Amino acid sequence: MEVGKVIYSILTGDSAVAAITPRIYGNEARQGIDLPCVVYYVISSNPQNSKSGFNAIEARVQCSCYADTYEQSIELSIAVRNALSDKPLGEYGGVTVQSIKFDGSQDITDCAGIEGVYHNDLDIM
């Protein structure tokens, strides 16, 4: 999907994210992978139509940042937020983007019952 291509392109091309982890996954990461990592999910992708037809997609994406320590999960989530926040009109991953905005975050205390894994979610529009 085009939205996933944009997120993957930005995150893999960002030096601050890459300094923490090269592991960026769409939709899922296999159990037992090395941490830290980012998993992004396209929550919704809605076409925006005008009288002249289709002209854009409005999407909501969740980026989940996983790490072995709380501090590293925060560091990674800040790097991801900075990489994706307030992107101007441009082409990312071969897709023209009007804007990308950070819409909030939350710490997740229960990581599917897996001890020693820390998790932060970021909402991106």
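**Reading a predicted fold, from one loop outward**

Q: Where does P36 lie with respect to the strands β1 and β2?

A: In this predicted model, P36 lies in the loop between β1, which covers residues 24–26, and β2.

Q: Which peptide bond in the structure is cis, and about what omega does it have?

A: The bond that joins L35 and P36 is a cis peptide bond, with omega at about 5°.

Q: Which residue has a positive phi although it is not a glycine, and is N27 buried or exposed?

A: The residue is N27, whose phi is about 75°, and N27 lies, like P36, in the loop between β1 and β2. Because its relative accessibility is 53%, and exposed means over 50%, N27 counts as exposed.

Q: How many helices and strands are there, and in what order do the elements run?

A: The protein has 3 helices and 7 strands, and from the N terminus on these elements run α-α-β-β-β-α-β-β-β-β. When contacts between residues at least 6 apart in sequence are considered, 53% of them join residues at least 24 apart.

Q: How should I read the nonpolar cores, and which residues have the most contacts inside the largest one?

A: The general idea is that, in soluble globular proteins, nonpolar side chains tend to be buried together. In this structure the largest nonpolar core has 25 residues, and those with the most contacts inside it are L11, V17, V38, C63, V80 and L84. Helices and strands both contribute, since the elements that give two or more residues to this core are α1 (2–13), α2 (15–20), β2 (37–50), β3, α3 (70–84), β5 (95–97) and β7. A second, separate core of 5 residues includes C37, V39, Y66 and V117. For one residue of the largest core, V80, the contacts beyond four places in sequence are with L11, V17, V38, C63, C65 and L122.

Q: How many salt bridges does the structure hold, and which side chains form them?

A: The structure holds 2 salt bridges. In one, the side chains of R30 and E28 meet with N and O 3.0 Å apart, and in the other D103 pairs with R60, the closest N and O atoms again being 3.0 Å apart. The D103 and R60 pair links distant parts of the chain, for D103 is in strand β6 (residues 102–108) and R60 is in strand β3 (residues 53–67), 43 residues apart.

Q: Which of these four charged residues are exposed, and which are partly exposed?

A: R30 counts as exposed because its relative accessibility is 59%, whereas E28, at 45%, counts as partly exposed. D103 is partly exposed, with a relative accessible area of 41%, and R60 is also partly exposed, with 26%.

Q: Is N120 buried or exposed, and with which side chain does its own side chain make a polar contact?

A: N120, which is in strand β7 (residues 118–124), has a relative accessible area of 2%, and because buried means under 20%, N120 is buried. Its side chain makes a polar contact of 2.9 Å with the side chain of S73. Apart from neighbours within four places in sequence, N120 is in contact with C63, S64, C65, S73, I74, S77, Q106 and D107.

Q: How much of the protein is buried, and about what area does the protein expose?

A: Of its 125 residues, 37% count as buried, and the protein exposes about 7,300 Å², of which carbon and sulfur atoms supply 46%.

How values were computed. Residues numbered from 1 in each chain as written. Predicted model: local features only at pLDDT ≥ 70, side-chain atom pairs only at ≥ 80, totals over all residues. Heavy atoms only, no water. Salt bridge = Lys/Arg side-chain N within 4 Å of Asp/Glu carboxyl O. Buried < 20%, exposed > 50% of the residue type's maximum accessible area, 1.4 Å probe, protein only. Helix = DSSP H or I, 4+ residues; strand = E, 2+ residues; numbered from the N terminus. Polar contact = N/O pair within 3.5 Å; in protein donor to acceptor, adjacent residues only side chain to side chain. Contact = heavy atoms within 4.5 Å. Core = buried A, V, L, I, M, F, W, Y, C linked by side-chain atoms within 4.5 Å. Areas by Shrake-Rupley, 256 points an atom, 1.4 Å probe, with all protein chains shown as cover.
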